[in-house]
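Biologist: Please take a close look at one part for me: the surroundings of the ligand. Then go on from there to the empty spaces.

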Amino acid sequence: MTSPLDTALRGHTRALLTLWRPNRKGPPDRLTHDELREVAQAVKRLSAGLSGERNKAGRDYLGTEDGRTAYLLHFWPVSYAQTRAALKLAGLTPPPGGGRVLELGAGPGPGAMGLLDEGWGELHCGDRNAEALQSLQTLTRDRAQTFVWDGESPDAALPPGAFDLLFASHVLSELWKRAPDRVERRLDLLQSLTRRLSPGGQLLLIEPATHLLNAELLALRDAVAAAGLFITAPCVPQGPCPARAEGVACHAATRWTPPPLTEQLTRAAFISKEAPAFSYLCLSAEAPAAGPPAGALRVISERLTNKAGRERVVTCGAEGKQSLSAPPGQGETWRGLWRGLSRGDGVVVEGAERRETGLGLTAGSVVTGWR
Ligand SMILES: C[S@@+](CC[C@H](N)C(=O)[O-])C[C@H]1O[C@@H](n2cnc3c(N)ncnc32)[C@H](O)[C@@H]1O
C-alpha cells in the first residue's frame with residue numbers, strides 16, 4: 001500500500017524534475033537515458049565528496065551546477081523523507097495554527113517541504129546559498145520566508161521573535177568541520193539558539209548516520225546534556241549516552257518506498273538501496289512536560305538471530321544498553337510489532353523475563369510501541 005509519505009514524494013520528485021529541466025522535455029517522474037548518465041555521475045561525485053574524508057562538506061557545492069543537480073535530484077528526496085521520519089520519532093506535532101519554525105542550513109528546501117507537509121506553519125529558512133533558497137521558494141510555492149545566513153559568522157542575524165521549533169538538517173556537521181573545538185562551537189550555537197525557543201519549543205537536528213558523524217553527534221549530545229539542556233529524543237536516559245560509552249552507534253532508519261527517480265539513480269550511481277539511515281537529536285531548554293513512559297526502550301541495532309532462532313535487538317533505556325530478545329514462535333499478540341521493529345523504534349515492555357544479556361519476551365509479556 002502506498003503511504004502518504006510515498007505519495008507526497010512522487011509529487012515532489014516531479015516538481016524537482018521540472019525545476020531542474022525548465023526548458024527541456026522529458027518523462028515527468030524519471031530521467032531519460034542520457035540524463036541518467038549525466039546525473040548519476042554528478043551524484044557519484046557529490047556522494048564521494050560527502051563521505052570518507054568529506055572534502056566537499058562545508059564547501060559551497062550547491063553553488064556549482066554539478067552539486068545543485070546531484071542535491072536536487074538525489075539528496076533532496078532522502079532529506080525530505082528523513083525530516084518527516086525524525087519529526088514522527090521525536091513526537092513533534094505543530095501547535096494549533098501551525099506554529100513558528102526557524103530552519104537553518106535549509107538548502108533547496110527538503111526539510112521545509114517536509115515541515116509544511118507535516119502541518120507546520122510559519123517557516124523562516126536560512127542558508128548561506130541564496131540560489132538554493134530560491135529553489136526552496138519555488139518548490140514550496142513561496143510558503144516559506146527565506147534569509148541569507150552564514151552559520152560560522154559571529155554576526156549572522158536571525159529573524160526576530162521566538163520559535164516553536166528550531167530545525168537544522170545535515171548542516172551542523174558542516175559548520176567548523178576542520179576546527180579541533182568544533183563540538184564546543186556547535187554547543188555554543190545550540191545554546192544561543194535554544195534561547196529563541198518559545199515555552200515548550202524544541203530544537204531538532206538531523207545528521208548523517210556514518211560512524212564518524214554519529215560519534216560526533218553523540219559527543220555533542222553529552223555536551224548538551226552536561227550544559228543543562230534536556231534531550232527529548234531519541235534518548236530515554238538524560239545522563240551520559242550509554243551507546244557512546246561503548247563506542248557503538250545510535251541512529252534511525254527511514255521507512256519509505258523510494259520514488260522512481262531515486263530507484264533509477266541508486267541503481268545507476270551504485271548507491272545502497274537500503275532505507276537511508278540518519279542520526280537525530282531533539283532538545284529542549286525546559287524539562288519536557290511528559291518524559292518517556294516507564295520501561296521505554298529505544299532499538300539501537302539491526303535485528304540479529306542466533307542458531308536456535310532466537311531473535312534479538314540491542315536497546316537503550318533507563319538501565320542503559322541491553323538486549324531484548326524473543327524465542328521463535330507464532331501465537332503472542334506482540335509478535336507483529338516485534339517483527340516490524342527496526343533501528344530507531346521505541347518500545348515499552350512489561351512482563352519480560354531477566355536473562356543473562358538483558359530482557360526476554362515471554363508469552364505473558366505486553367509490548368507496545370512508543371514513538
Ligand atoms: C547537506 S546540505 C543540507 C540541506 C538540507 N538542510 C537537507 O537536509 O538536505 C547542507 C546545507 O548547509 C548549508 N551550509 C553549509 N555551510 C553553511 C554555513 N556556514 N552557513 C549557512 N549554511 C551553510 C549549505 O549551503 C547547504 O544548503
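Modeller: Start with S169. An N or O atom in its side chain is 2.6 Å from an oxygen atom of the ligand. That is a polar contact (a pair of N or O atoms within 3.5 Å). Y71 has a similar pair, with a side-chain N or O atom 2.5 Å from a ligand oxygen. S79 adds another: one of its polar side-chain atoms lies 2.7 Å from an oxygen atom of the ligand. The ligand alone has 590 Å² of accessible area, and the protein covers 98% of it. Such areas come from the Shrake-Rupley method with a 1.4 Å probe.

A word on the basis. This is a predicted model, where local features need pLDDT of at least 70 and side-chain atom pairs count only at 80 or more, while totals for chains, interfaces and linings use all residues. Residues are numbered from 1 along each chain as its sequence is written, and side-chain values use heavy atoms, with hydrogens and water left out.

Now the whole shell. It holds 20 residues. A residue belongs if one of its heavy atoms lies within 4 Å of the ligand. Y71, S79 and S169 are among the closest, together with G105 and D127. By class, the shell has eight nonpolar, six polar and six charged residues. Here Ala, Val, Leu, Ile, Met, Phe, Trp, Tyr, Cys and Pro are nonpolar; Asp, Glu, Lys and Arg are charged; the others, including Gly, are polar.

Next, the empty spaces. Rolling a probe the size of a water molecule over the atoms shows where empty space is left. The search runs on a 1 Å grid over the protein atoms alone. A cavity is a set of points where a 1.4 Å probe fits but cannot get out. A pocket is an open set with protein on both sides within 12 Å along at least five of seven lines. Lining residues have an atom within 4 Å of a point. Points are joined across faces, edges and corners, and a volume is the space filled by probe spheres set on them.

The largest pocket has a volume of about 940 Å³. It is lined by 34 residues, with F75, V78, Q82, P276 and A277 closest to its centre. Helix 3 (65-89) and helix 9 (260-268) each give two or more residues to this lining. Helix 3 gives the most, six. Helices (H or I, at least four residues) and strands (E, at least two) are DSSP runs, numbered from the N terminus. The pocket lining has 14 nonpolar, 13 polar and seven charged residues. At least three residues come from each of domain 1 (4-284) and domain 2 (296-369). Those bounds come from an automatic or database domain assignment.

Five cavities reach 30 Å³ or more. The largest holds about 130 Å³ of space. Its lining has 13 residues, and L218, P234, C235, C241 and C250 lie nearest the centre. Helix 7 (211-226) and strand 8 (277-284) each give two or more residues. Helix 7 gives the most, with three. Eleven residues of this lining are nonpolar, none polar and two charged.

Stay with P234 for a moment. The peptide bond from A233 to P234 is cis, with omega near 0°. P234 sits in the loop between strand 6 (230-233) and helix 8 (242-245).

The second largest cavity has a volume of about 100 Å³. It has 14 lining residues, and L104, F167, A168, L193 and L205 are the closest to its centre. Strand 1 (100-104), strand 4 (163-169), helix 6 (182-194) and strand 5 (197-208) each supply at least two residues. This lining has 14 nonpolar residues, no polar and no charged ones.

Key: A polar contact is a pair of N or O atoms within 3.5 Å; within protein, one must be able to donate a hydrogen and the other to accept it, and residues adjacent in sequence count only if both atoms are side-chain atoms.
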